[in-house]
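Colleague: Hello! I am just starting to read structures, and I would love a close look at one part of this one. Could you take me through it slowly?

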Amino acid sequence: MRKDSRLSRALHVLIHLNSYSHPVTSDTLANMLMTNPVVVRRTMALLRQAGYVSAIKGHNGGWLLATPLTDITLFDIHQALDEKNLFVIGLTDEHSNCPIEHAVNSALQNAMDDAEALLLKRFAEVSLADLASQFKK
């Protein structure tokens with residue numbers, strides 16, 4: 001099963017952008033992340049929409065951090081990326097009349113809902129500045 005690494009990559013990019021005093025191109029960011037510049041532009045467009053980065057077009061253009069890292073949390077970026085599900089555990093619906101299936105699905109869904117609420121709460125408590133402070137420039 002493939003992992004969704006958009007959140008991790010977006011956090012990585014934002015913390016790197018904080019150390020630049022000039023715009024950084026999508027190509028540069030793509031090389032850093034070992035991905036395609038188109039993937040970077042799509043992700044950065046979502047972050048720009050949310051106001052966390054800005055873009056300068058043309059020669060010497062690129063991406064800049066638009067919000068201080070102290071004002072951005074993991075939750076903020078999770079929301080900006082429009083992430084729908086934190087967990088990819090699927091519930092079965094093949095036997096919709098079976099009371100055992102209902103009980104299993106209910107127990108799994110309740111546990112996942114509780115875990116997601118706890119994780120999102122923790123995301124809201126961690127700023128990108130907290131993460132960046134772990135690294136010397």
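Which word describes how α1 and α2 lie to each other?

Modeller: Happy to help! This is a predicted model, in which local features need pLDDT of at least 70 and side-chain atom pairs count only at pLDDT 80 or more, while totals for chains, interfaces and linings use all residues. Residues are numbered from 1 along each chain as its sequence is written, and side-chain values use heavy atoms, with hydrogens and water left out.

Let us start with the pair you asked about. Helices (H or I, at least four residues) and strands (E, at least two) are DSSP runs, numbered from the N terminus. The angle between α1 and α2 is about 120°, and their axes are 11 Å apart. Axes here are lines fitted to C-alpha atoms, for helices over the stretch in contact, and angles run from 0 to 180 degrees between N-to-C directions. Angles under 35 degrees count as roughly parallel, over 145 as roughly antiparallel, 65 to 115 as roughly perpendicular and the rest as oblique. The word for α1 and α2 is therefore oblique. From α1, the residues R9, H12, V13, H16 and L17 make the contact, and from α2 they are L29, M32 and L33. Contact means heavy atoms within 4.5 Å.

One residue of that contact deserves a second look. Beyond its neighbours within four places in sequence, L29 is in contact with V13, L17, V24, V40, M44 and W63.

Now compare another partner of α1. The axes of α1 and α3 are also 11 Å apart, with an angle of about 70°, so these two helices are roughly perpendicular to each other. Here R6, A10, V13, L14 and L17 of α1 meet T43, M44, L46 and L47 of α3. T43 lies in helix α3 and, at 14% relative accessibility, counts as buried. Buried means under 20% relative accessible area, exposed over 50%, and partly exposed in between (1.4 Å probe, protein chains only). Setting aside residues up to four places away in sequence, T43 touches A10 and L81. A45, also in helix α3, is partly exposed at 23%.

These helices feed into a shared interior. A nonpolar core is a set of buried Ala, Val, Leu, Ile, Met, Phe, Trp, Tyr and Cys residues joined through side-chain atoms within 4.5 Å. The largest one has 27 residues, and L17, L29, M44, L47, V53, I77 and L128 touch the most other members. At least two residues each come from α1 (6–17), α2 (26–33), α3 (37–49), α4 (74–80), α5 (99–125) and α6 (128–132). The most, 6 residues, come from α1.

Helix α5 meets α1 too: its buried residues pack against α1 and α4. Those buried in α5 are E101, N105, M112, L120 and F123. F123 also appears beside T73, a residue in the loop between β2 (62–65) and α4. T73 is buried, at 14% relative accessibility, and its contacts outside four places in sequence are F123, A124, V126, S127 and L128. For contrast, F135 sits in the segment after α6 and is exposed, at 56%.
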